[in-house]
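Let's take a look at how a protein and a DNA strand meet, and then at how the protein copies are arranged. Keep the picture in view while you read.

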Protein chains: 2
Amino acid sequence: MIKDKDVYLNERVEQLKLACQKQGMRVTQQRIEIFKEVAKSCAHPDAETIYESVKERMPNVSVDTIYRTLASLEELNMIFRVDNQLPKARFDADMTPHHHFLCIKCNEVYDIFLEPGEELVLPKNAEQYGTIKDVNLQIRGICKKCLEKIEK
Amino acid sequence: MIKDKDVYLNERVEQLKLACQKQGMRVTQQRIEIFKEVAKSCAHPDAETIYESVKERMPNVSVDTIYRTLASLEELNMIFRVDNQLPKARFDADMTPHHHFLCIKCNEVYDIFLEPGEELVLPKNAEQYGTIKDVNLQIRGICKKCLEKIEK
DNA sequence: TCCTTAATAAGAACTATTCTTATTAAAGTA
DNA sequence: TACTTTAATAAGAATAGTTCTTATTAAGGA
C-alpha cells in the first residue's frame with residue numbers, strides 16, 4: 001500500500017512539531033515551510049534553491065533564516081547534510097538509512113537504498129577509531145542521463 | 001621491509017614529475033613543494049595549513065598558487081579531496097584505496113585501511129545509476145582522543 | 001490579553017576560494 | 001649558453017556561500 005505524498009508530508013511535519021516541543025523550540029511558520037521544502041524534494045536541494053522556493057510563499061523570508069533553520073532542523077535530526085565536494089551544502093529530509101550516487105558531470109544526487117536484507121559491511125577495524133555516529137557511502141561517477149548526452 | 005619516509009616521498013615526487021611531463025605541465029618549484037607538503041602529512045591538511053607550511057620555505061608563495069596547484073595535483077591524480085561537511089577542503093596524497101573516520105568533535109580525519117583480502121561490498125543496485133568512478137566510505141563519530149577528554 | 005524571549009528580517013561582515021593582471025621562470029630552440 | 005615562448009606565479013581585488021549584528025516580530029506560557 002503506497003502512502004500518499006501529502007499524507008507523508010503531513011506526518012513528517014507533525015514529527016517536526018513534536019521534535020520542536022520536545023526541545024523547547026518554537027514551531028514557527030518558517031521552520032515548517034523550510035522543512036516541507038526539503039521534505040518534498042528528492043533533488044537534495046541547496047540553501048539557495050530552498051530560499052527561492054520558500055520565498056514564493058513567504059516573500060519576506062531571509063537567507064539567514066534559511067541557513068539558521070536548516071541548522072536547527074539538522075540538530076533536531078529531521079534533515080541531514082549530504083556530503084559533497086561542491087561549495088554548496090545540500091540537504092536531505094529522508095532519514096531512512098540510504099547512500100548516494102553523485103554525478104560528477106551534472107552534480108545530481110541520487111539515493112541508493114539497500115535491498116531488503118542487504119546490509120553495508122563496515123571495514124573490520126572501523127570501530128577502533130571511536131564511537132560511530134553515522135556511516136555514509138558516497139559513490140561518485142557519471143549518471144545515466146549524462147552518459148546518454150555524451151554518446152550523442 | 002618498511003620503506004623509509006624520505007625514499008617514499010622522493011618516489012612520489014618523481015611520479016609527480018612524470019605525470020606533469022605526460023600532461024605537458026611544467027614542473028615548478030611550487031608544485032613540488034605543495035605536493036610534498038600534502039604527501040608528508042597524515043593529517044589531511046586544508047589549504048590554509050598547507051599555505052602556512054609552504055610559506056616557511058617559500059615566503060613569497062601566494063594563497064592563489066596553493067589553491068590552483070592543489071586543483072592541478074587533483075587533476076593529475078596525485079592527491080584527492082577528502083569529503084567533509086566543513087567549510088575547508090582537505091587533501092590526501094595517499095592514493096591507495098582507503099576510507100575515513102571523521103571526528104565530529106575535533107575534525108580530525110583518520111585513515112581506515114581494509115585488511116588484506118577484505119573488500120568493500122557495494123549496494124547491489126549501485127551500478128544502475130551510471131558509471132562508477134570513485135567509492136568513498138565516510139564514518140563519522142567521536143574519536144578515541146575526544147572520548148577520553150569527555151570522560152575526564 | 002499580556003509578557004517574555006526565541007526567532008526573524010535586513011543587511012553588514014566574514015571566510016574560503018577564485019579571478020585579474022602584470023611579472024617570472026620552465027623548458028624548448030637556436 | 002643565451003633566446004624565446006608561454007605556462008605558472010604573486011599580489012591583491014573580487015566573488016560566493018554562509019554567518020553575524022541589531023532592531024523587530026510573534027510563539028506560546030501566564
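Helix 4 of chain B gives the most to the surface near DNA strand D, chipping in four residues. Keep in mind that this is a predicted model.

**The surface near DNA strand D**

- Three elements give two or more residues each to this surface: helix 4 (63-75) of chain A, plus helix 2 (29-40) and helix 4 (63-75) of chain B.
- There are 20 residues around DNA strand D, and the nearest ones are Asp64(A), Tyr67(A), Lys88(A), Thr65(B) and Arg68(B).
- If you look at which atoms of DNA strand D come within 4 Å of the protein, 72% of them belong to sugar and phosphate.
- Sorted by type, the residues of this surface are seven nonpolar, six polar and seven charged.

**Polar contacts with the strand**

- The side chain of Thr65(B) has an N or O atom 2.4 Å from a phosphate oxygen of DNA strand D.
- Lys88(A) also has a side-chain N or O atom by a phosphate oxygen of DNA strand D, this time at 3.4 Å.
- For Gln30(B), the partner is a sugar or linking oxygen of DNA strand D, 2.8 Å from a side-chain N or O atom.

**How the two copies fit together**

- Turn chain B by 180 degrees, with a shift of 0.0 Å along the axis, and you can lay it on chain A with an RMSD of 0.0 Å.
- The two copies are therefore related as by a two-fold rotation axis.
- Both copies use the same surface: 100% of the contact residues of chain B turn up again in chain A.
- Within chain B, the residue closest to the rotation axis is Leu137(B), with its C-alpha at 2.3 Å.

Notes
Residues numbered from 1 in each chain as written. Chains lettered and ligands numbered in written order. Predicted model: local features only at pLDDT ≥ 70, side-chain atom pairs only at ≥ 80, totals over all residues. Heavy atoms only, no water. Least-squares fit on C-alpha atoms with pLDDT ≥ 70 in both. Contact = heavy atoms within 4.5 Å. Near = heavy atom within 4 Å. Polar contact = N/O pair within 3.5 Å; in protein donor to acceptor, adjacent residues only side chain to side chain. Nonpolar A, V, L, I, M, F, W, Y, C, P; charged D, E, K, R; others polar.
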